[in-house]
Amino acid sequence: MSLTFSLAHLMGGVILLAAFSLLSQRRLAAMITLYQVQALVLSAAAFWQGYAQGEANLYLTGLITLIIKALILPLSLREIVLRFNLMRAVETAMPVAVSMVLGVALIGVAVLVVLPTTPGNISLTREDLAIALSVVLLGLLMMTTRRGALAQIIGFLSTENGLVLAAIGMPGMPFVAEFSVALLVLLAFLVVGVFLFRIREHFDSLDLSGLEQIERRGR
Amino acid sequence: MNLALLPVALAGLSVPFLGLLGTPQQGAVANAAVSFGVFVLTLVAFWGPGAGLLHADELGLVFGAATGFAGFTTAVANIFYVRGAAARLGGRRWRLYHAMCQIITGATLAGLYADNIGLLWASMEAATIAATLAVSLPRTASALEAAWKYFILGGVGIALALFGTMLVYLAAQPALGPGLAAMSFAQLAGAAPRMDGTLLTLAFVFLLFGYGTKAALAPLHGWLPDAYAEGPAPLTTSLSGLTLNVALLAILRFSHLLGANHASHGGAMAPGPFLILLGLVSIFLTGFSLSRRRDSRRFFGFSSIEHSGVAVFAFGIGGPVAIFGGLLHLLLHTLIKSALFQALIRAAALRGSTAPGHYAFSHLRGLVHTNKVTALALGGCIFALTGLPPSGLFASEFIIVSQTIQREPLASLPLGLGLLICAVAILRNLGPLMFSPAPHHTRPVKTARSTYLVLVHLGLAFGLAFAMPPVLYGLLSAVAAGLS
């Protein structure tokens, strides 16, 4: 049992660390790598919770996380960065140091809010929940402090990782895999949306029908 | 037999057909036919509310029928809209548009009928994605900006709501244990006194901000005016207005859990003050924003924020009568607002174009000189929104105000002031819109038949408020008593 605790907490800690480093990182490529690390650890955490709780449902969640969030999403994000040449640093709405101080404050808030409200009942869930709430809040903070659409999306992805971390820690919660799929649909639309957005800016026209015309002429 | 499943399934099954087949006009007719079927099935659902995940209670059934009705009349008006606007978008995008209409209707109904807090969340998410796609359909720069704003704010709201949902599940653990029971509204309501009160309070804060974003309560309302103003008119205004109800009813149900726990000293805070404060902020924000708006769709978007605020305020006052007033207010607002947007689209069509950007008050003014019936319908709807008699909303606002004086006298003063500011801001625009000289180059146009549907809506809202059928009255008051 103690191994269950310490491993789950270790993985939660790594996820939180990745969320925190995302806050300080200003290059998109590095942000994507950090997100990938976060998603990898999250899928490991899901497998571990599935093993510890004996829930097949959680293995499925882990598998979905591994394939889509740790592989497909980062790859397509990198593709967008490469194709549209977004290698330069992202603009931030406030100095990185200030946002990091705010981030520490948010983690403090999360711990202070969650730990006293869940006295005793299930300590594995308790600390996992505090970590998950910190990740969620850090992701939201990142969405507000970054200007570019892609950086905001990575913030949202990190938030979503925090949600899944909370869900896998809930004892015997139904629909965890379904929740993660539903969130993924939202994320997929976000990424595709940015892709289309970028294409538009690239061709500097207000309507995608311009793109279709180019295609037709090419043929 | 689970008859509540039928309308949701019909809407869902029609999506691939609408999305892949047909010209815009055929799609619009098929969409209207499906919407009529959905409306009939929402009425049929009263005889078999189902069991398990999709177990509709009376509240869901009543609002489901209202959703079905508004969806049907919107789809009929939509046939005429598409006829005029078919050239603006490609065939593929019209198909997407009609598919989105049914996804939003189906998701709204699933959210209303859901007995499971997870299913409620998922249908809210599906409605958000569909509505965002719909807003982005015109692909103009401002439409994409509106869609992005909607996506980011809606996404944050959905993330917070999911976190709150999980916390409710955790709070129910001491009472119901692991498994599906801890996610069912019916079971949660019974077990509320034994739930973990402090955790439930924390959950409610997340749910209030999560679903509050979807209900466009200030200060989380930023997406709504833009989304209303930039998307294709019938879909983003009439239909997605219906999803506001789902979010508001979700807030009502969760606040009932919190209230029940508080009443039996389970450690939860009372939800009333939160709701009253958010409601008042929304009403005042609307009052001051309305007078500065020039685009009519943005204007009436802000007015939706006001009415969300009034409903949440009523839920915050609590007690069976105030909650009855809030529910009645939501029902009437649904009928009047969807009628108003149908009339507004007609009015814009009379002036040449229904594309976004053709809805400025200055562009529509002097409507009486163009067509009297449309002017009467639109003017009637706008007047009904103010809540002055003989509008149906007068009845619900009267109930809410009198209950406020009885239960929270201090809150009645700001409520009255806010309602007055909003009514004055709306009335100020009514006169010029109807009677000022029309712009040059416009001449009288014949009445379209779909305009009469608007009058049916208005008549129904009037009838519901002042001569409510005893059956419906019994249903709503039982629901209100159960949720107070």
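Helix H13 of chain B is largely enclosed by the rest of the structure, because 22 of its 22 residues are buried. This helix covers residues 296-317 of chain B, and the distance from its first C-alpha to its last is 32 Å, close to the 32 Å expected for 22 residues at 1.5 Å a residue. Directly after H13(B) comes B:Gly318, a residue with a positive phi near 80 degrees.

The model described here is predicted, and the predictor assigns the complex an ipTM of 0.87 together with a pTM of 0.91. For chain B the average pLDDT is 89, and 99% of the residues score at least 70. Within chain B, confidence is lowest in helix H7, residues 173-176, where the mean is 86, and highest in H17(B), where the value reaches 94.

**Where the two chains meet**

The contact between the chains draws 29 residues from chain B and 33 residues from chain A. On the side of chain B that touches chain A, the elements that give two or more residues are helix H5 (117-136), helix H6 (141-171), H7 and H9 of chain B. Of these contributions, the largest share comes from H6(B), which supplies 13 residues. Sorted by class, that side of chain B consists of 20 nonpolar, seven polar and two charged residues.

**A helix crossing inside chain B**

Helix H6 of chain B, which gives the largest share of the side that touches chain A, also meets H10(B), and the axes of these two helices come within 9 Å and cross at roughly 145 degrees. The crossing of H6(B) and H10(B) is left-handed. From H6(B), the contact is made by B:Ser142, B:Ala143, B:Ala146, B:Lys149, B:Tyr150, B:Leu153 and B:Gly154, while H10(B) takes part through B:Trp223, B:Asp226, B:Ala227 and B:Glu230. By class, the residues of this contact between H6(B) and H10(B) divide into six nonpolar, two polar and three charged.

**Backbone details in the loops**

Two peptide bonds in loops of chain B are cis, and the table sets them out with their omega values.

| Cis peptide bond | Omega | Place of the second residue |
|---|---|---|
| B:Ala218 to B:Pro219 | near 5 degrees | loop between helix H9 (197-214) and helix H10 (223-230) of chain B |
| B:Pro389 to B:Pro390 | near 5 degrees | loop between helix H16 (372-386) and helix H17 (392-407) of chain B |

The loop that holds B:Pro219 thus leads from H9(B) to H10(B), and H10(B) is the helix that crosses H6(B). The loop that holds B:Pro390 lies between H16(B) and H17(B), the latter being the element of chain B with the highest confidence.

Positive phi values also occur in residues other than glycine. In chain A, A:Phe175 has a positive phi of about 70 degrees although it is not a glycine, and its place is in the loop between helix H6 (149-169) and helix H7 (176-203) of chain A. A:Phe175 counts as buried because it has 22 C-beta neighbours inside 10 Å, and 20 or more are needed for that class. In chain B, B:His265 has a phi near 55 degrees, again a positive value in a residue other than glycine, and B:His265 lies in the loop between helix H11 (233-263) and helix H12 (272-290) of chain B. With 9 C-beta neighbours inside 10 Å, B:His265 is therefore counted as exposed, whereas A:Phe175 is counted as buried.

Key:
Residues are numbered from 1 along each chain as its sequence is written. Chains are lettered from A and ligands numbered from 1 in the order in which they are written. This is a predicted model: local features need pLDDT of at least 70, side-chain atom pairs count only at pLDDT 80 or more; totals for chains, interfaces and linings use all residues. Helices (H or I, at least four residues) and strands (E, at least two) are DSSP runs, numbered from the N terminus. A residue is buried if 20 or more other C-beta atoms lie within 10 Å of its own, exposed if 12 or fewer, and partly exposed in between; C-beta atoms are placed from the backbone. The expected span of a helix is 1.5 Å times one less than its number of residues. pLDDT is the predictor's confidence in each residue, from 0 to 100. Two residues are in contact if their C-beta atoms, placed from the backbone, lie within 7 Å. Ala, Val, Leu, Ile, Met, Phe, Trp, Tyr, Cys and Pro count as nonpolar, Asp, Glu, Lys and Arg as charged, and the others, Gly among them, as polar. Axes are lines fitted to C-alpha atoms, for helices over the stretch in contact, and angles run from 0 to 180 degrees between N-to-C directions. A crossing is left-handed if the near helix is turned anticlockwise from the far one by less than a right angle, and right-handed if clockwise.
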